[in-house]
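Work through the exercises below with the sequence and the model open. Each task is followed by a solution in steps.

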Amino acid sequence: MFRFALSKGRILKDTLPLLEKLGIQLEDDPEKTRKLIIPAHMPARPDLGIKATDFEMFVLRATDVPTFVQHGTADFGFVGKDVLLEHGADGIYELLDLHIAKCRLVVAEMEDALPRTPGQPLKVATKFVNIARQYYAQKGEQVQLIKLYGSMELAPLVQLADKIVDIVDTGKTLAANGLRATEHIADISTRLIANGATYRREHAQVMALMNSIRQQL
Ligand code: ATP
Ligand code: PRP
């Protein structure tokens with residue numbers, strides 16, 4: 001039996017069809033039920049080297065998925081690379097890029113931002129404080145980080161911050177708020193991750209599952 005941490009929200013919408021293509025049948029619809037553990041079953045796929053496998057699917061906030069996988073409470077997880085970079089990958093194996101929920105992590109500021117007064121520390125609002133800290137440390141730039149949990153684009157509009165570090169996909173949210181991306185930090189997509197101990201202990205089964213997911217992409 002494997003325990004699998006699913007991210008609620010955008011990623012769930014894209015990963016449920018993938019589970020279906022793999023033949024993994026969930027006993028409840030995670031988008032409807034209030035249950036947080038959903039039993040699931042995958043019939044044997046001798047063609048893919050997979051034995052019949054039972055799963056327990058955990059339905060989690062995206063940001064909590066790496067925590068469950070790192071502690072071994074979940075064997076596998078689907079999670080955005082942004083969340084993984086922010087959390088850190090200690091004890092976690094990144095197995096596969098699923099190429100879904102693609103977006104970019106950028107620095108953005110007001111389109112009409114004035115040049116900054118020298119000597120004043122840059123104020124950066126973000127929910128990705130670890131990524132931002134590391135990014136500006138590499139640039140050798142001193143910044144004051146302001147932690148937010150959403151609607152980051154508001155911060156420069158109301159002078160809470162000079163810049164934001166946030167996700168951009170279509171660019172509509174930036175444009176609608178008079179902002180523009182000025183620096184690219186990373187390309188983001190959903191990843192299949194595994195707990196390090198599970199990866200070593202169940203290596204053959206983990207590889208077979210990873211390869212069968214890869215074939216469905
Ligand atoms: P939480 O609820 O824990 O704060 P969240 O609100 O970021 O997480 P979602 O909005 O469902 O959760 O996003 C999940 C993942 O989807 C993100 O981690 C990122 O990898 C990706 N993502 C976020 N925003 C976009 C977007 N606009 N377009 C495409 N992918 C996105
Ligand atoms: C995400 C992200 C941006 C927006 C980017 O926000 O934080 O605000 O999507 O997408 P776009 O470039 O296609 O406009 P989300 O909808 O998750 O809301 P949030 O601000 O509450 O995180």
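**Exercise 1. Place Glu86 in the chain and describe its surroundings.**

Step 1. Glu86 is found in helix H3, which covers residues 81–87. The model is a predicted one.

Step 2. Decide whether Glu86 is buried or exposed. Its relative accessibility is 14%, and buried means under 20%, so Glu86 counts as buried.

Step 3. List the contacts of Glu86, leaving out residues up to four places away in sequence. They are Lys127, Phe128, Val129, Asn130 and Ile131.

Step 4. Look at two of these partners. Lys127 is 41 residues from Glu86 along the chain, and their C-alpha atoms are separated by 9.0 Å. With Ile131 the partner atom is the backbone nitrogen, which the side chain of Glu86 reaches at 3.0 Å.

**Exercise 2. Divide the chain into domains and describe where they meet.**

Step 1. Domain 1 consists of residues 2–102 together with 189–215, and domain 2 of residues 103–187. Taken over C-alpha atoms, the centres of the two domains are 31 Å apart.

Step 2. Count the residues in the contact. Eight come from domain 1 and ten from domain 2.

Step 3. State the area. The size of an interface is often given as the accessible area lost when the parts come together. Between domain 1 and domain 2 about 690 Å² is buried, and carbon and sulfur atoms give 50% of that area.

Step 4. Find the main contributors on the side of domain 1. Asp82, Glu86 and Lys102 supply 70% of the area that domain 1 buries against domain 2, more than any other three residues.

Step 5. Check for polar links. Between domain 1 and domain 2 there are three residue pairs in polar contact, both residues being at pLDDT 80 or more. The number of salt bridges found across this interface is zero.

Step 6. Ask which element of domain 1 gives the most to the side that touches domain 2. Helix H3 does, with four residues. By class, this side of domain 1 has five charged, two nonpolar and one polar residues.

**Exercise 3. Go through the salt bridges of the structure and say how accessible some of the partners are.**

Step 1. The structure holds 14 salt bridges.

Step 2. Take Arg3 and Asp75. Their closest N and O atoms are 3.9 Å apart, and the cut-off for a salt bridge is 4 Å. Arg3 belongs to strand S1 (residues 2–7), while Asp75 sits in the loop between helix H2 (65–70) and strand S5 (76–80), so the pair ties together parts that are 72 residues apart in sequence. Arg3 is partly exposed at 26% relative accessibility, whereas Asp75 is buried at 3%.

Step 3. Take Lys32 and Asp29. The closest N and O atoms of this salt bridge are 3.6 Å apart. Lys32 is exposed, with a relative accessible area of 70%; Asp29 is partly exposed, with 30%.

Step 4. Take Arg45 and Asp47. Their side chains form a salt bridge at 3.2 Å, N to O. Arg45 is partly exposed at 25%, and Asp47 is exposed at 58%.

Step 5. Look for a network. Salt bridges link Glu109, Lys139, Glu141, Lys163, Arg180 and Glu183.

**Exercise 4. Describe Arg191 in the same way as Glu86 in the opening exercise.**

Step 1. Arg191 is found in strand S12, which runs over residues 190–195.

Step 2. The relative accessible area of Arg191 is 11%, so Arg191 is buried.

Step 3. Leaving aside neighbours within four places in sequence, Arg191 is in contact with Gly77, Phe78, Val79, Lys81, Glu94, Leu96, Asp97 and Leu98.

Step 4. The side chain of Arg191 also makes a polar contact of 3.1 Å with the side chain of Ser189.

**Exercise 5. Summarise the whole chain.**

Step 1. The secondary structure comes to eight helices and twelve strands.

Step 2. The C-alpha atoms fill a box of roughly 65 × 35 × 30 Å along the principal axes.

Step 3. The chain has 217 residues, of which 45% count as buried.

Step 4. What share of the contacts between residues at least 6 apart in sequence joins residues at least 24 apart? The share is 66%.

Conventions: Residues numbered from 1 in each chain as written. Chains lettered and ligands numbered in written order. Heavy atoms only, no water. Helix = DSSP H or I, 4+ residues; strand = E, 2+ residues; numbered from the N terminus. Buried < 20%, exposed > 50% of the residue type's maximum accessible area, 1.4 Å probe, protein only. Polar contact = N/O pair within 3.5 Å; in protein donor to acceptor, adjacent residues only side chain to side chain. Contact = heavy atoms within 4.5 Å. Domains from an automatic or database assignment. Buried area = accessible area lost by both parts, 1.4 Å probe. Nonpolar A, V, L, I, M, F, W, Y, C, P; charged D, E, K, R; others polar.
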